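Good morning, and thank you for coming. I would ask you to look at the sequence and the model on the screen while I walk through them.

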Amino acid sequence: MANEIEIMFKTEDGVRISVDEWDNGGAWISLQMRGAGCHTMLTRSEAQQMMEALQLILSKEVTA
């Protein structure tokens, strides 16, 4: 795929999270940590559900 999207970052706990394009609009999510790793493929609909859930969580007011 010519314009493939791949995003990778590490969490504060050292878990590497990778998100890539997969299967015509879906997403491939991979988590890698010391001694273990896992991945899953999400359809476009499932990826949209995850995005909505994360946006809902992030829209909440954070109090110190």
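Strand 1 and strand 2 pair in the antiparallel sense, over 5 bridges. I should say at once that this is a predicted model. Within this first pairing, Lys-10 stands opposite Arg-16 of strand 2. The two strands form a hairpin with 5 residues between them, and Gly-14, in the turn, has a positive phi of about 85°.

Let me continue to the next pair. Strand 2, residues 16–22, is followed by a loop and then by strand 3, residues 26–33. Strand 2 and strand 3 are also antiparallel, and their pairing extends over 7 bridges. Several partners can be picked out along this ladder. Val-19 of strand 2 faces Ile-29 in strand 3, and Asp-20 stands opposite Trp-28 in strand 3. Towards the turn, Trp-22 has Gly-26 of strand 3 as its bridge partner.

One residue of strand 2 deserves a separate word, and that is Ser-18. Is Ser-18 buried or exposed? Its relative accessibility is 7%, and Ser-18 therefore counts as buried. If we set aside the neighbours within four places in sequence, Ser-18 is in contact with Ile-7, Met-8, Trp-28, Ile-29 and Ser-30.

I turn now to the connection between these two strands. Strand 2 and strand 3 form a hairpin with 3 residues between them. Which residues in this loop call for attention on account of their backbone? Asp-23 lies in the loop, and its phi is near 45°, a positive value in a residue other than glycine. Asn-24 belongs to the loop between strand 2 and strand 3 as well; its phi is also positive, at about 55°, although Asn-24 is not a glycine. As background, most residues other than glycine have a negative phi. As for the surroundings, Asp-23 has a relative accessibility of 55% and so counts as exposed. Asn-24 counts as exposed because its relative accessibility is 75%.

The third pairing joins strand 3 to strand 4, residues 36–42, again in the antiparallel sense and over 7 bridges. Here Trp-28 stands opposite Met-41 of strand 4, and Ser-30 stands opposite His-39 of strand 4. You will recall Trp-28 as the residue opposite Asp-20 in strand 2. The hairpin of strand 3 and strand 4 has 2 residues between the strands, and Gly-35 takes a positive phi near 80° there.

We can now put the sheet together. How many strands does the open sheet have, and in what order? There are 4 strands, in the order 1-2-3-4, with antiparallel pairing. Strand 1 and strand 4 are the edge strands, each pairing on one side only. From one strand to the next, the twist averages 10°.

Next, the helix. Helix 1 lies across strand 3 and strand 4, and it runs at about 115° to strand 4.

Finally, I come to the largest pocket. In general, rolling a probe the size of a water molecule over the atoms shows where empty space is left. In this model, about 500 Å³ of space lies in the largest pocket. Which elements give two or more residues to its lining? They are strand 1 (6–10), strand 2, strand 3 and helix 1 (44–59). Helix 1 provides the largest share of the lining, with 6 residues.

In total, 18 residues line the largest pocket. Those nearest its centre are Val-19, Ala-27, Ile-29, Ala-47 and Met-51. Two of these names have come up already: Val-19 and Ile-29 stand opposite each other in strand 2 and strand 3. What is the make-up of the lining as a whole, by residue type? The residues divide into 12 nonpolar, 3 polar and 3 charged.

To close, I would leave you with the sheet and the pocket together. The sheet is open, with its 4 strands in the order 1-2-3-4, and helix 1 lies across strand 3 and strand 4. Strand 1, strand 2, strand 3 and helix 1 each give two or more residues to the lining of the largest pocket. Thank you for your attention.

How values were computed:
Residues are numbered from 1 along each chain as its sequence is written. This is a predicted model: local features need pLDDT of at least 70, side-chain atom pairs count only at pLDDT 80 or more; totals for chains, interfaces and linings use all residues. Side-chain values use heavy atoms; hydrogens and water are left out. Buried means under 20% relative accessible area, exposed over 50%, partly exposed in between (1.4 Å probe, protein chains only). On a 1 Å grid over the protein atoms alone, a cavity is a set of points where a 1.4 Å probe fits but cannot get out, and a pocket is an open set with protein on both sides within 12 Å along at least five of seven lines; lining residues have an atom within 4 Å of a point. Grid points are joined across faces, edges and corners, and a volume is the space filled by probe spheres set on the points. Ala, Val, Leu, Ile, Met, Phe, Trp, Tyr, Cys and Pro count as nonpolar, Asp, Glu, Lys and Arg as charged, and the others, Gly among them, as polar. Contact means heavy atoms within 4.5 Å. Two strands pair if DSSP finds at least two bridges between them. Axes are lines fitted to C-alpha atoms, for helices over the stretch in contact, and angles run from 0 to 180 degrees between N-to-C directions.
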